[in-house]
Amino acid sequence: MANSPIKSPLKESDKELTASVLQSTLVDLVDLSLIAKQAHWNVVGKNFRSVHLQLDELTSAARGYVDEVAERANAIGVSPNGKAKTVSESSGLPDYPENWQSTDITVDRIVEILDRLIQRLRVRIDETDKSDLVTQDLLIEIAQEIEKQHWMWQAQKA
């Protein structure tokens with residue numbers, strides 16, 4: 001890591017682990033916001049309006065947490081990287097198809113993507129248990145919202 005103009009409240013080993021967790025979370029959330037917008041623009045079929053609007057809610061939630069994660073990284077003296085190339089190369093989320101997608105396919109893919117993100121967030125929550133409880137608290141908050149979104153998307157399929 002380059003020299004930071006921000007002094008970290010964490011010891012160096014905790015800062016490095018926490019920085020890695022925050023960076024991977026940032027990338028996943030940026031990707032989620034882009035996926036949700038891609039799906040929003042290309043969803044067609046029955047229940048179009050409700051799925052279309054639900055995708056906007058997901059986009060807004062992801063974008064809000066992107067900023068919180070990036071600012072947490074800054075607070076511990078780490079420069080966040082949300083550039084398109086970084087997101088493309090390092091997101092852990094499944095890809096979303098191009099072109100128009102039926103509401104059924106859209107819902108299935110969003111459920112799958114949210115499931116993967118939840119799995120990844122829960123690992124990161126465990127990883128930050130000793131390194132930084134403030135970051136862990138943020139990850140728990142994000143997981144709570146993503147799990148709520150996951151439930152709502154699954155309910156579309158019920």
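Let me start with Leu93, which sits in the loop between helix 3 (84-90) and strand 2, and please keep in mind throughout that what we are looking at is a predicted model. Is Leu93 buried or exposed? Its relative accessibility is 9%, and because the cut-off for calling a residue buried is under 20%, Leu93 counts as buried. If we set aside residues up to four places away in sequence, Leu93 touches Asp28, Asp31, Leu32, Ile35, Ile113, Arg116 and Leu117. As for distances along the chain and in space, Leu93 and Val27 are 66 residues apart in the sequence, while their C-alpha atoms are separated by 9.4 Å.

One of the residues that Leu93 touches is Leu117, so named here because I would like to follow that contact into helix 4, where Leu117 lies. Leu117 has a relative accessibility of 0% and therefore counts as buried. Leaving aside neighbours within four places in sequence, Leu117 is in contact with Asp28, Leu29, Leu32, Leu93 and Ile146. For another distance, take Leu117 and Lys130, which are 13 residues apart along the chain and whose C-alpha atoms are separated by 22 Å.Now to helix 4 as a whole. Helix 4 runs from 103 to 127, has 25 residues, and reaches 36 Å from its first C-alpha to its last, close to the 36 Å expected at 1.5 Å a residue. Which residues of helix 4 are buried? They are Thr103, Thr106, Val107, Ile110, Val111, Ile113, Leu114, Leu117, Ile118, Leu121, Arg124 and Ile125. When you read through such a list, it helps to remember that an α-helix has 3.6 residues a turn, so residues three or four places apart point the same way. What covers the buried residues of helix 4 includes helix 1 (12-42), strand 1 (43-44), helix 2 (48-75), strand 2 (101-102) and helix 5.

Let us take helix 1 from that group and look at how it packs. In general, two packed helices are described by the angle between their axes and the distance between the axes. For helix 1 and helix 4, the angle is about 170 degrees, and the axes are 11 Å apart. Since angles over 145 degrees count as roughly antiparallel, helix 1 and helix 4 are therefore described as roughly antiparallel to each other. The residues of this contact divide into 11 nonpolar, 3 polar and 4 charged. On the helix 1 side we find Leu17, Val21, Ser24, Thr25, Asp28, Leu29, Leu32, Ile35 and Ala39, and these meet Thr106, Ile110, Ile113, Leu114, Leu117, Arg120, Leu121, Arg124 and Glu127 in helix 4.

Beyond helix 4 comes a loop, and in that loop, between helix 4 and helix 5 (133-157), we find Asp132. Asp132 is buried, with a relative accessible area of 6%. With which side chain does the side chain of Asp132 make a polar contact? The partner is the side chain of Arg72, at 2.7 Å. Not counting residues up to four places away in sequence, Asp132 touches Leu10, Thr18, Arg72 and Ile76.

Two of those names, Leu10 and Ile76, come up again when we turn to Ser8, which lies in the segment before helix 1. Ser8 is also a buried residue, with a relative accessible area of 16%. A polar atom of the Ser8 side chain lies 3.0 Å from the backbone nitrogen of Leu10, and the side chain of Ser8 also reaches the backbone oxygen of Ile76, at 3.0 Å. Leaving aside neighbours within four places in sequence, Ser8 is in contact with Lys15 and Ile76.

That brings us to helix 2, which has 28 residues and reaches 41 Å from its first C-alpha to its last, close to the 40 Å expected at 1.5 Å a residue. Just after helix 2, Gly77 takes a positive phi of about 85 degrees.

To finish, here are two residues that have a positive phi although they are not glycines. Asn47, in the loop between strand 1 and helix 2, has a phi of about 60 degrees, and at 51% relative accessibility Asn47 counts as exposed. Asn99, in the loop between helix 3 and strand 2, has a phi near 75 degrees. How does Asn99 count at 47% relative accessibility, exposed or partly exposed? Because exposed requires a value over 50%, Asn99 counts as partly exposed.

How values were computed
Residues numbered from 1 in each chain as written. Predicted model: local features only at pLDDT ≥ 70, side-chain atom pairs only at ≥ 80, totals over all residues. Heavy atoms only, no water. Helix = DSSP H or I, 4+ residues; strand = E, 2+ residues; numbered from the N terminus. Buried < 20%, exposed > 50% of the residue type's maximum accessible area, 1.4 Å probe, protein only. Polar contact = N/O pair within 3.5 Å; in protein donor to acceptor, adjacent residues only side chain to side chain. Contact = heavy atoms within 4.5 Å. Expected span 1.5 Å × (residues − 1). Axes fitted to C-alpha atoms, helices over the stretch in contact; angles between N-to-C directions. Parallel < 35°, antiparallel > 145°, perpendicular 65-115°, else oblique. Nonpolar A, V, L, I, M, F, W, Y, C, P; charged D, E, K, R; others polar.
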